[in-house]
Amino acid sequence: MTKRKRQDDFQKVKLKVGKTKPKADNATNVSFRSKGIHLPEQLKRDDSGPTTHRQLGIKDLLSQLHHYSGTVKHGALCGLRELLTSHPALVEQHLSTLLSEVAAAFTDKDGSVRSAALRLLRFVAQCVPSERVGPFFPLLSAHLTCAMTHIQVGIQADAMLVLDVLLEHYPALLAHRHAHLLTNFLELISRQRLSGGAKAGEKAGAGRAGWALSVTPDRRVTAQQWRLTVLLRLSHFLQAVVDERPDEEGVMSADREGGEKGIATPLELNWEDHPFGKRGIQVFENSGSTPTPHSTYRLRPHVDKGVGAEEELSSVEAVRGFAETLVPLLLEVWLETAGADDGQLLSGDAMVLMQQILTILQLLRRLTPQHHLREELDAWLRSTYLSDFKLHFMKNFPYSQLDTPSPKLKKSSHRSRQQALPGSGGGAGVEPLVLNVTLCQVMVTLSHRGSAQPEGTDADWLGPIRCFVRETLTGGTRLSSKHLGALLEVVWRLVVNQKSRAAVSEELLQAVYVQYQQRNLTVPVRLMLLRFFSQLYLKERLNRSKILTRWLAALPVQLVQLGSRNPQLSAQILQTLQRAAAWKNKELLSSLQMHACSLYDPQEGCVVLLPVDSQQRLVQMLYFLPAFPPELLSCLSRVCNTGRVSAGLASTLIRIIHLRSSLSGWTSNSEEAAIRDVDYLSFLFSTLTGFSSDELAVLQQAYDDALSPPTPLSPFSVYPTPLEQFTHHWDIVEEVCHCLSTLGSNSQCFDILQNGICKNLVGLTVMPDGVCAAVLRVVARLLDLSFLPSDALLHFLSKCCLSMLSLLLQLEHSAHKREAVWGACLAALSSVPRLLRLLLQSLRVCDMCVEEFPQLAQILSLLMQHTHLRNHMIANAQLLQHIIQELTRYCGGESREQWLTDLLHCYSVTLSGHRGNLY
């Protein structure tokens, strides 16, 4: 038996070279198979909102603004600007967050971040109106205050740029925050003294020793340039504050329109346009859903009142407190700059600085809107700073520009050019004329006012001002409207404040009149000069001024020459003429009388060329005219009848002439009658007919297809006037009839009217329908039972009445004209004796053609059917019976026409008791 080999528990595996190593028993199999997994919804990009080119949405960009890195914040602001530019709707959706984040970047330590925030703010301001920004503006104002008062000079400089954007787009909102921002301007150029009598908690504006100019060496610009930059923004800010307040300035402001904000505009209400409540009446100018944007009423104050400069500048005390701090600082700034200049010659930077100082002084006194408070502030400024102003400003007046070669400067960076003050370099910012005129405006407000001033007061410094103004106006230079407006304001104050010195006022007014007489002036300049003289005469009543008298006497000539080329200038001239005529200025009334025929010419006169409101003023001025010669009355009569003025205005003209006549009973016996009685009656007769004698003569020779020849049913060849002309003339006829009926004796008036008709109308063959209707209307209105008209008049009236009755049958589409013609015929036939009998006697059936028989039947039926003519028709029954018998004989036959049947029926109903034998 063989012996088995014993197996060990752990056997050693022998490895051979070149053989694969066997796997261990406990080896893990790491092989695997993979397949692609597609999840399209999970990996899909979020398209919930627009993104930038970097695929960043607005939420991502807003979150990056809180990053510590300035580069990331700068990129986020640029991305926001890119996103909002391409999608403007996002501005309204995220306005609150955008404004808060942009405002927080005002004080960022990185300059590039502030620049990007400024560009984004300018873009947002261009897209969003002030109404939407209003709720968030306190936050913007708070961050702006932090930036203006920041310790870093770069942040302060960028705050000025932010202020520029807000002043450009939201001046009203910024002006309402003036209580918080005004002190910031002071802190930018000065510091508050904590020693020498001024304590740390002392309110701003405590006195001259409270503040002192400060110098910051690490600024990129000099101290003078920085102060100039701040003062420029301060003047713009004060201008915004002033613009938001109603102006009650009593001094003439030549560059303002009549409907300026803050000034109530009177409403013209014509009650004739509102009969029986058919149209609504707007009682107040700003009633309705749109109130005035410049109302002084506030439901509650916008800001809480503090102390000192923190108070709202709405009282003289508050403005005075702010001025006590600011004015000394302005004087110190000017002293530092003026020390290097040579007398009257100023450098360009000095002129710009002085202009800003003077502008701020002007705006300070305008912060008080009430006129009496402004005078109180002027008196305080005079007593406090007049000596300083004379020493530092008027010592070298007038100023000129110093010609200095501009040095070649190194190329500055874009950021330095952005912060530089526009117009401050090279002396090209302010003209010497503008500077001198502004200085005159400031100084004249400090002069004594009224006639009680001591003789020679302020002569030492007012004399150079008067001389400068006089030389500037008479120098022959062409002044712009802005420069001329400032000069006129200076002249106004000098003339009004020194009324006791008539010679001085005459010299200044003569200088202005020389400027007024220049040719080829622009319309704004001409209007400004016209308003200056007009307001000076109307408000101050300088009746003794020879210059104003000469100017007033020339106004009618200028109005005639101006015509309709500029209605605005004409309206201003008419306003002055009307007031001066009401005050009975002799020179004006004489000139107005001389040129009255040109003004009231019916073809080329101002009364027919100007707008309605100016036409109304011209008509009202007739009441003050000294006399009405026949030539003028002839023009006025044609003005009423041409239709180029409204019927209501023409009626007003007739009433005014009626009141100026002695026949109306309104003039006293001591007064000389402005109109002779014969001229007045001739005017009424010419206006009544509506056609002059020359026009009627032309009609007699006319060969028009529209004119039908005379017929037995129409003795006159009737000229049909257009409906609009007839309606206009008929309203005038009613007014003339009213005036004639109020003259007193109707019999005398009718006798004169009868002579006029027989002399001018009897014998004509062509008659306008308006003339026929007017004659019938006035005869029926004036005829007295005790007066018997002449046979010539009765035959003329019968022809008119018969022609109008024939015309009445043809008026189918003119209801108003038909009613007027029928009313005139009816009134004449029922009131004039024997007129109906003459009319029936003139109806000869044998002279008519067959085609006229139906028209005759219609006329007879119309007369018989009316109630007022029934008794008259019964009285003339024999004539009527004869006419109907003649019609029956000529139309006899087996078949009877329908019109004849209707006529016989009407006759049988109307005159059944007096019919007789018709067959």
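## Salt bridges

In this predicted model, R834 and D791 are joined through their side chains in a salt bridge with an N to O distance of 3.1 Å, a salt bridge being a side-chain nitrogen of Lys or Arg within 4 Å of a carboxyl oxygen of Asp or Glu. The pair links distant parts of the chain, 43 residues apart, with R834 in the loop between helix 36 (815–831) and helix 37 (835–841) and D791 in helix 35 (residues 791–808); helices (H or I, at least four residues) and strands (E, at least two) are DSSP runs, numbered from the N terminus. D791 is partly exposed, with a relative accessible area of 45%, where buried means under 20% relative accessible area, exposed over 50%, and partly exposed in between (1.4 Å probe, protein chains only). The areas themselves come from the Shrake-Rupley method with a 1.4 Å probe, and for residues only the protein chains shown count as cover.

The structure holds 16 salt bridges, and one of them joins D158 to R114, with the closest N and O atoms 2.6 Å apart. This pair also links distant parts of the chain, since D158 belongs to helix 9 and R114 to helix 6 (residues 111–127), 44 residues apart, and both D158 and R114 are buried. In a further salt bridge, the side chains of E336 and R227 meet at 2.3 Å, N to O. E336 lies in helix 13 (residues 316–338) and R227 in helix 12 (residues 223–243), so the pair ties together parts that are 109 residues apart in sequence. The two partners are placed as follows: E336 is partly exposed, at 42% relative accessible area, whereas R227 is buried, at 2% relative accessibility.

## Aromatic pairs

The structure holds 17 aromatic pairs, for which rings of Phe, Tyr and Trp (its six-membered ring) pair if their centres lie within 6.5 Å, with planes under 30 degrees apart counted as stacked, over 60 as edge-to-face and the rest as tilted. In one of these pairs, the ring centres of Y516 and F533 are 5.7 Å apart and the planes stand at 80°, so the pair is edge-to-face. Because Y516 lies in helix 20 (residues 502–516) and F533 in helix 21 (residues 523–540), the pair ties together parts that are 17 residues apart in sequence.

Both rings belong to buried residues, Y516 having 3% relative accessibility and F533 having 0%. Ring pairs further link W492, Y513, Y516, F532, F533 and W551 into a cluster.

## Backbone features

A cis peptide bond joins F397 and P398, with omega at about -5°, and P398 is found in the loop between helix 15 (371–392) and strand 4 (400–401). Most residues other than glycine have a negative phi, and most peptide bonds are trans.

N520, a residue other than glycine, has a positive phi near 60°; N520 lies in the loop between helix 20 and helix 21 and is exposed, with a relative accessible area of 69%. K584 likewise has a positive phi, near 60°, and is placed in the loop between helix 23 (567–582) and helix 24 (586–594), where K584 counts as exposed at 62% relative accessibility.

## Surface patch and spatial separations

K12, K14, K16 and K19 form a positive surface patch. Patches are made of residues with over 30% relative accessible area and no salt bridge, like charges being joined within 9 Å and nonpolar side chains (Val, Leu, Ile, Met, Phe, Trp, Tyr) within 5 Å. Lys and Arg count as positive and Asp and Glu as negative, while His and the chain ends are not counted, and the place of a charge is taken as NZ of Lys, CZ of Arg, CG of Asp or CD of Glu. Within this patch, K19 lies in the segment before helix 1 (40–43) and counts as exposed at 63% relative accessibility.

L166, in helix 9 (residues 153–169), is buried with a relative accessible area of 1%; L166 and S141 are 25 residues apart in sequence and 9.7 Å apart in space, C-alpha to C-alpha. D613, in helix 27 (residues 612–621), is partly exposed at 47% relative accessibility, and D613 and L574 are 39 residues apart in sequence and 10.0 Å apart in space, C-alpha to C-alpha.

## Basis of the values

Because this is a predicted model, local features need pLDDT of at least 70 and side-chain atom pairs count only at pLDDT 80 or more, whereas totals for chains, interfaces and linings use all residues. Residues are numbered from 1 along each chain as its sequence is written, and side-chain values use heavy atoms, with hydrogens and water left out.
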